[in-house]
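The report below describes a two-chain model in running text, with one small table. Please read it with the sequence and the coordinates at hand.

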Amino acid sequence: MSNAFKVGQRVLVKDGDPPGHIRTPFFLRGKSGVVETVHGEFRNPEELAYGKEGLPKKPLYLVRFLQVEVWADYRGAPGDTVSADIYEHWLDAE
Amino acid sequence: MRLMPGFHDLGGKDFGPVNQRDHVRSEWDNRVDAVLRLMLEGRRFRIDEVRRAIESLTERDYMSFSYYQKWLAAIRILIVEKELLSEDEIDARLDQLRQKAPV
């Protein structure tokens, strides 16, 4: 598998708002996180959603973010985290 | 770039504490579940298409429909989109069933 990022690596979620069916949550766009798990490669749901084949497959990662870096007004513990599955084409190396 | 998330992209909105009670599924819910499973297993459409169809509902419907009402609305959208049935055929069948239904 040709995943560009490794577990523990810092990544930056792309910002922006392309039209269509998007799996990257809006609240994580533009945020910086750490790769927690490399899930493998899967067909691209952004294309499957419109009846296409979604190939070639895209690497999918579980990425962990610090809540205090996601929400400006976060009032929980400073070490609290939130994780989400994000496809490689939504990530840049940081 | 849009400054606001789509109305279906709810992460971070304040809906209060999570309701952790078990949901009770009605017979109607089970039927909708069965129809979707048949469509997926028969490869009539994919789960990603179902989600995309749900996101195409109006904000009002999205926020007021139950979980399975959203599924059924998406099933109808996709059945018409893929020309398995037309809107007219669905409406004609619904009229027929309404006439048969006990008052």
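How far apart should the ends of helix H4 (residues 67–81) of chain B be at 1.5 Å a residue, and how far apart are its end C-alpha atoms? The 15 residues of H4(B) should span 21 Å, and the end C-alpha atoms are 21 Å apart, which agrees; the expected span of a helix is 1.5 Å times one less than its number of residues.

This is a predicted model, in which local features need pLDDT of at least 70 and side-chain atom pairs count only at pLDDT 80 or more, whereas totals for chains, interfaces and linings use all residues. Residues are numbered from 1 along each chain as its sequence is written, and chains are lettered from A and ligands numbered from 1 in the order in which they are written.

**Chain B as a whole**

Chain B has five helices and zero strands, in the order α-α-α-α-α along the sequence; helices (H or I, at least four residues) and strands (E, at least two) are DSSP runs, numbered from the N terminus. The radius of gyration of chain B is 16 Å, whereas a compact globule of 103 residues would have a value near 13 Å; the radius is taken over C-alpha atoms, and the globule rule is 2.2 Å times the number of residues to the power 0.38. Along the principal axes, the C-alpha atoms of chain B fill a box of roughly 45 × 35 × 25 Å.

Of the 103 residues of chain B, 14% are buried, where a residue is buried if 20 or more other C-beta atoms lie within 10 Å of its own, exposed if 12 or fewer, and partly exposed in between, with C-beta atoms placed from the backbone. Among the contacts in chain B with a separation of 6 or more, 61% join residues 24 or more positions apart; two residues are in contact if their C-beta atoms, placed from the backbone, lie within 7 Å.

**Helices H4 and H1 of chain B**

The buried residues of H4(B) are B:Lys70, B:Ala74, B:Leu78 and B:Ile79. They cover an arc of only 165° around the axis, which puts them on the same side of H4(B); the arc is that of the directions from the helix axis to the C-beta atoms. Helix H2 (47–55) of chain B is included in what covers these buried residues.

Helix H1 (27–41) of chain B also has 15 residues, and from its first C-alpha to its last it reaches 21 Å, close to the 21 Å expected. Its buried residues are B:Val32, B:Leu36 and B:Met39. Seen down the axis of H1(B), these fall within an arc of 60°, so they line one face of the helix, and they pack against H2 and H4 of chain B. Exposed residues on the other side of H1(B) include B:Glu27, B:Arg31 and B:Glu41.

Each of these two helices is followed by a residue with positive phi, B:Arg43 after H1(B) and B:Glu83 after H4(B). The table sets out these two residues.

| Residue | Phi | Loop in chain B | Other C-beta atoms within 10 Å |
|---|---|---|---|
| B:Arg43 | about 55° | between H1 and H2 | 7, exposed |
| B:Glu83 | near 60° | between H4 and H5 (87–100) | 7, exposed |

**Cores and a loop of chain A**

The largest nonpolar core has twelve residues, among them A:Val11, A:Val13, A:Phe65, A:Ile86 and A:Trp90; such a core is a set of buried Ala, Val, Leu, Ile, Met, Phe, Trp, Tyr and Cys residues joined through C-beta atoms within 7 Å. Strand E1 (10–13), E3 and strand E4 (81–87) of chain A each give two or more residues to this core, and the largest share, four residues, comes from E3(A). A second, separate core of nine residues includes B:Val32, B:Leu36, B:Met39 and B:Phe45.

A:Gly54 lies in the loop between helix H1 (45–48) and strand E3 (58–66) of chain A, and with 18 C-beta neighbours inside 10 Å it counts as partly exposed. Among the residues that A:Gly54 touches are A:Arg43, A:Asn44 and A:Pro45. A:Pro56 lies in the loop between H1 and E3 of chain A, and the peptide bond from A:Leu55 to A:Pro56 is cis, with omega near 0°.

Technical notes: Lists of a residue's contacts leave out its neighbours within four places in sequence.
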